[in-house]
Structure formats: structure tokens, C-alpha cells
Amino acid sequence: MEEDKVELHLIGKITSDVEVKKSASGTSWLSISVESVCNGYKSFNRLSAFKQVAEDLAKNARKGKRIAILANCGLSKNKKTDKWETNLTIYKFKVLDEEKEQPPVEQPKPQPEKADVPKDDDLPF
């Protein structure tokens, strides 16, 4: 029997530090929090990334940046609480802010105001 696949498409702002860690076996991993807004309501999602995806995410993303994420959803049983939890594992991402960044716009230089110069008729000489 084939398993159903649940996939998450998420666009939001990274709200945690993006820092790679290593497992005891040497596998790279990280966990980040992403804030998104839907119908005026904010939600915070905790996501994980492993191996090369974690390395690439740490190199290209940072706290405060907007990001588009594709993640797989899965379930696992928490050994401490004995409750089922949803896991969101990133497999593809794109940092969105990099495209929007533009050089600062130069402010126009202030022009000197024109002084009131009398007409030729008004000159005393």
C-alpha cells in the first residue's frame, strides 16, 4: 500500500537564529521558526532541515528574512510525553528578500531659495 504524502507550502519571515548543529553521528541539522500571516492571523511554525538543506539554509538565510519553503509533514511519537507530534521537514527553500533589496535612493539635494530681487523700476539708482 502506498503512503499518502502531505506537503506544506509556506511563505513567511524567519523569527529565530539560523544555526547548523551536528548530531552525534555527524549529520548537519537545524531548527527554525517562521512567522506567517493568513487572513490577518499570525502563526508560528517550527521547521527542521537536515544534511545539505540545513547547510544551504544556514549560508543563505538569516533571522528577519522572508522565505518560501516547501516541507514534508510527518508524525512521530514524543518519547517523553507519549503524544503524537507533527514534524515539518524542509526539503526546498528560497530566500525572498534578496530580490527586493535595492540600493538606497539618493535624496534630492536642497536647492537654494530664490531671494526677492526688486524689479528694475524699484532700484534706487
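Contact here means heavy atoms within 4.5 Å. With that cut-off in hand, Glu 35 makes a convenient way into this predicted model. Glu 35 touches Gly 12, Lys 13, Thr 15, Lys 42, Ser 43 and Phe 44, once residues up to four places away in sequence are set aside. The residue sits in strand 3, and because its relative accessibility is 14%, under the 20% limit, Glu 35 counts as buried. One of its contacts is also its bridge partner: Lys 13 is paired with Glu 35 of strand 3.

A step back shows the overall layout. The protein chain holds two helices and six strands, arranged from the N terminus as β-β-β-β-α-β-β-α. Of its 125 residues, 21% are buried. The accessible surface amounts to about 10500 Å², and carbon and sulfur atoms contribute 51% of that area. Among contacts with a separation of 6 or more, 54% link residues that are 24 or more positions apart.

Confidence varies along the chain. The mean pLDDT is 82, and 74% of the residues score at least 70. Of the elements, helix 1 has the highest mean, at 93, whereas helix 2 (residues 97-100) has the lowest, at 58. Where pLDDT is low, the predicted coordinates should not be read in detail.

Strand 3 takes part in several pairings, and they are worth following in turn. With strand 1 it runs antiparallel, joined by two bridges. Strand 2, which covers residues 21-22, also pairs with strand 3 in the antiparallel sense, again over two bridges. Here Lys 21 has Trp 29 of strand 3 as its bridge partner. Strands 2 and 3 form a hairpin with five residues between them, and Gly 26 in the turn has a positive phi of about 95°.

The pairing of strand 3 with strand 4 is antiparallel as well and spans 10 bridges. Within it, Ile 32 stands opposite Leu 47 of strand 4, and Cys 38 stands opposite Tyr 41. The two strands make a hairpin with two residues between them. Asn 39 lies in this loop between strand 3 and strand 4, and its phi is near 55°, a positive value in a residue other than glycine. Asn 39 counts as exposed because its relative accessible area is 72%, over the 50% limit.

A second residue of this kind appears in helix 1. Lys 51 belongs to that helix and has a positive phi of about 50° although it is not a glycine. Lys 51 is exposed too, with a relative accessible area of 56%. For context, most residues other than glycine have a negative phi.

The interior can be described through the largest nonpolar core. This core has 17 residues, and those touching the most other members are Leu 30, Ile 32, Leu 47, Leu 57, Ile 69 and Ile 90. Two or more residues come from each of strand 1 (6-14), strand 3 (28-38), strand 4 (41-50), helix 1 (51-60), strand 5 (66-77) and strand 6 (84-95). In soluble globular proteins, nonpolar side chains tend to be buried together. Leu 30 gives a closer view of the surroundings: leaving aside neighbours within four places in sequence, its contacts are Val 18, Glu 19, Val 20, Leu 47, Ser 48, Ala 49, Ala 54, Leu 57 and Ala 58. Leu 47 and Leu 57, both in contact with Leu 30, are themselves among the core residues listed above.

The loop between strand 1 and strand 2 contains Asp 17. With a relative accessibility of 56%, Asp 17 counts as exposed. Asp 17 is nonetheless in contact with Ser 31, Ile 32 and Lys 63, leaving aside its neighbours within four places in sequence. For Asp 17 and Lys 63, a sequence separation of 46 residues goes with a C-alpha to C-alpha distance of 5.4 Å.

Finally, the cysteines deserve a word. A search of the whole structure finds zero disulfides. Cys 38 counts as exposed, at 53% relative accessibility, whereas Cys 73 counts as partly exposed, at 27%.

Terms used:
Residues numbered from 1 in each chain as written. Predicted model: local features only at pLDDT ≥ 70, side-chain atom pairs only at ≥ 80, totals over all residues. Heavy atoms only, no water. Helix = DSSP H or I, 4+ residues; strand = E, 2+ residues; numbered from the N terminus. Buried < 20%, exposed > 50% of the residue type's maximum accessible area, 1.4 Å probe, protein only. Areas by Shrake-Rupley, 256 points an atom, 1.4 Å probe, with all protein chains shown as cover. Core = buried A, V, L, I, M, F, W, Y, C linked by side-chain atoms within 4.5 Å. Pairing = 2+ DSSP bridges. pLDDT = per-residue confidence, 0-100. Disulfide = S-S within 2.5 Å.
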